[in-house]
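Okay, let's get going, everyone. I'd like to walk you through a few odd spots in the backbone, so have a look at this one with me.

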Amino acid sequence: MEMKGPSYTNISGQRWRIIAFLLGLLSIGLAIALIVVIIKNNKNDKLEINNKLESGTCQTTSEKYGKINLELSNTSSVFVHLTRAEIEGLQSFLYNQQELNLVDLKDINVDKNFIFLSDLYLPDKKDVLNYLDKNGPKPPREAHVIIFRGNEQPPYMQEVIVGPLPTPTHYRPVPFTPEKIPFVYRPLFGGNEYYKMIIYLRENIDPFLGVMFMDIFGARLTHCNNACLQFGNGVAVSPTLSGENERKVWTSLNHISEYSGFRLLDFSVLVDIDMKIFTIEKIWFNSTIFNNITEVLTFYNQNKETIPKIPLPVYSSDDFSTLNQRGIPPMDPPLRNPKQFSPDGKRYNVQGHHVEYMFWKFDFRMSTIHGPQLYDIRFKNERIAYELSIQEIAVFYSGFKPNDILAQFLDSIALIGLQSKVLFPGVDCPDDATLIGSSFHVGGVSSYELTTSFCLFELNTGIPFRRHHSYWFSNGRFYEGMENIVLVLRTIPTIGNYDYIIDFIFYPNGALEVKVTSTGYVRALFYTKGDEKYSFQLHDNFGAPIHHHLFHIKADLDIKGTSNRFATLDINTEETENQFSEVSVEKIIQLKFNSSVKETEKDAAYRFNFDAPKYLVMYNDQIKDKYGNVKSYRILNKGMTYQLLPRGHGNEPMASWARYQMAVTKYNDSERTSSSVYGSLDIKEPVVDFQKYIDDDDSILDEDLVAWITMGQYHIPHTEDLPVTTSPGMDTSCLFLPYNYFAEDAAISSKNAVRVEPTERSKRGSAVRVQRYGVKRESTCLPADHNYDELIKQYPRWIIDN
């Protein structure tokens with residue numbers, strides 16, 4: 001049975017179920033919130049919330065530190081996100097360009113011409129460096145805009161650069177990007193397309209199968225009162241896997257409950273999407289594929305007595321899918337958790353999106369597509385990195401059913417930055433963290449802001465940064481130690497079911513760390529025979545398939561300038577005669593290392609080999625210390641993972657960057673990102689093809705270099721992942737460590753250390769002195785007594801309505 005989709009304009013009678021469906025979209029790795037509540041006047045919200053978080057007697061006592069001004073001005077950094085005024089300016093300009101034929105916001109649909117999103121278009125690096133380092137002119141502010149041209153024949157997508165902001169006068173094509181991007185690769189949820197597909201399925205399946213659904217599942221899609229089903233958990237089928245240049249989606253049926261993603265049923269539908277016309281191509285039911293609804297109904301009528309019945313779940317706070325407290329508590333009555341506070345107030349300054357802390361300075365922003373990005377990172381006024389950013393988050397699933405076999409996601413299609421919506425102080429960030437928002441322009445919304453895209457805070461890691469206890473007379477008796485206090489910039493995007501805690505961590509010695517920790521709900525499957533190779537059974541009818549998390553980072557390091565080299569310090573062994581032994585044949589085998597400079601991009605495509613351990617270092621060969629050592633930064637990937645999928649097979653090319661634990665390329669303004677918003681679907685003709693960055697095999701000797709780093713881990717879900725995966729063991733990180741860069745530990749100058757030594761070095765039992773270098777030990781202030789419950793009630797859009 002082939003069914004074409006009509007145009008749906010009157011849906012008021014189904015509104016509450018549509019809302020429930022939209023919540024259900026959070027269970028899919030491709031989810032994107034393009035139907036949003038426009039947040040107006042958030043400026044006042046942000047100021048009032050942060051002011052309340054600053055209450056208490058532990059106020060900043062220094063005139064030099066603790067200056068927090070989150071307002072953006074005309075002199076703001078070149079790196080900051082688009083402001084509301086800039087978004088409104090570019091939108092007004094583009095709507096006045098008759099050749100674009102853009103529709104009003106209220107008329108946005110997939111077959112119309114409309115602005116899908118706009119974001120900052122960063123100027124060429126040479127122009128930014130000329131402005132920052134040589135007092136050159138400030139580059140004009142410009143926007144990168146993606147336009148859906150659904151009203152054209154044939155339809156396509158167009159990317160343009162609009163500027164100068166905030167009052168544009170022109171637009172031009174984005175360099176090195178196709179002028180017409182095939183419409184079949186459009187992000188799945190643009191123009192409410194997925195939303196309308198769900199309406200189509202509900203209204204065209206329930207009249208035929210509603211009685212069957214009530215019998216087997218205790219619920220149906222329409223006229224269901226409080227016993228309702230919904231479609232969700234959608235998986236886009238790439239043209240590479242379908243073998244057709246068409247848009248196809250598998251979507252599964254589930255009961256509506258708290259976190260419906262855990263209430264999947266053994267019923268899925270493959271839908272072909274041709275603009276606003278939908279065709280049901282296949283149906284998966286009872287572990288069998290059917291060609292149409294008639295076949296399903298015939299099978300049901302012949303086998304209704306033997307088909308397993310899955311009753312409608314009755315809500316309970318003890319239900320396994322909820323996060324309500326249950327079970328015997330470890331402490332009853334509970335006592336409050338230990339808390340961290342800053343006795344002298346904040347020790348960092350923030351101006352707009354520019355941060356200064358100790359010897360560190362950096363700018364940051366939120367890319368709508370890719371997520372958090374840091375720029376112009378300096379330590380002791382020397383630039384360490386021009387850019388340090390998240391490029392992509394990917395998850396590759398496996399399974400027995402089509403909805404699991406085909407579930408391979410690049411999360412940029414869900415707009416990673418846009419999903420960084422909620423941070424709860426005291427849980428997501430320390431109590432006294434500074435909350436910082438971002439503004440966006442996406443999905444036809446004129447402009448809106450998220451109050452808490454980022455939080456910034458100092459963190460006592462609870463482990464010594466350094467320490468030594470010397471108790472021999474010959475070594476000098478002393479104790480010296482220093483707490484490991486770091487600055488953390490954090491954001492937590494929720495991409496469908498998973499939450500990713502992304503930290504940029506600044507250490508006192510010039511070291512940097514990027515850390516990603518996974519938590520949230522696992523992606524569920526309806527457990528049946530055939531799933532045992534891919535999942536444990538974790539609950540009744542419930543499993544969660546094995547999957548591979550992948551994270552890609554761009555690190556544009558500028559070590560002592562932009563003329564850099566990449567080398568490995570290769571660790572191996574040598575065998576020599578043991579001249580210290582009386583046995584003449586005895587040998588000594590010991591470690592040694594040698595430096596191997598990589599000359600081309602292909603040489604620098606690094607795959608880890610346990611048999612050949614090595615350090616990865618980047619440096620300027622012209623700048624050495626007095627002993628001839630090059631001043632370097634070492635790249636330490638502690639989250640290395642191996643992509644097992646064969647190169648070039650199926651969807652593997654969409655994450656070609658995952659073939660390497662690290663790749664180093666020559667900087668090129670045409671190679672800005674390793675992935676794109678189309679990457680999940682455009683595998684046959686990618687708009688961004690990372691492999692080509694390596695294949696052109698540029699020389700990387702004494703060039704401006706970029707390191708592209710892959711982190712990740714495999715996850716086989718287990719019962720302790722219920723109700724959600726906890727963070728221990730789910731973190732991956734990469735560090736950038738000074739290596740012969742300083743003459744000694746750069747943090748030796750810190751006064752936040754403690755030293756204990758005898759007053760008379762040569763005399764046993766002498767008195768001791770405790771040296772704290774003028775830092776007060778005692779604290780007379782009280783940390784703020786935050787009442788977050790009342791604050792959230794006052795600003796509900798901060799958490800719930802965001």
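**A bent helix and some unusual backbone spots**

Let's start with helix α5: 19 of its 25 residues are buried, so the rest of the structure largely encloses it. Keep in mind that this is a predicted model.

Now, how far does α5, residues 193–217, reach from end to end? Its end C-alpha atoms are only 27 Å apart, while a straight helix of 25 residues would span 36 Å. And where does α5 bend? Look at L209, where the bend is about 70 degrees. Right after the helix comes G218, with a positive phi near 70 degrees.

On to the backbone itself. As a reminder, most peptide bonds are trans, and most residues other than glycine have a negative phi.

So, which bonds are cis here? One of them runs from G163 to P164, with omega near -15 degrees. You'll find P164 in the loop between β4 and β5. Another cis bond joins D332 and P333, and there omega is about 0 degrees. P333 sits in the loop between α7 and β12.

Then there are a couple of positive phi values outside glycine. F176 has one near 65 degrees, and this residue is in the loop between β5 and β6. D376 has one too, at about 50 degrees, but D376 belongs to strand β15.

Buried or exposed, for these two? F176 has 66% relative accessibility, so it counts as exposed. D376, at 8%, is buried.

Terms used:
Residues numbered from 1 in each chain as written. Predicted model: local features only at pLDDT ≥ 70, side-chain atom pairs only at ≥ 80, totals over all residues. Heavy atoms only, no water. Helix = DSSP H or I, 4+ residues; strand = E, 2+ residues; numbered from the N terminus. Expected span 1.5 Å × (residues − 1). Bend = angle between axes of the 7 residues up to and from the residue. Buried < 20%, exposed > 50% of the residue type's maximum accessible area, 1.4 Å probe, protein only.
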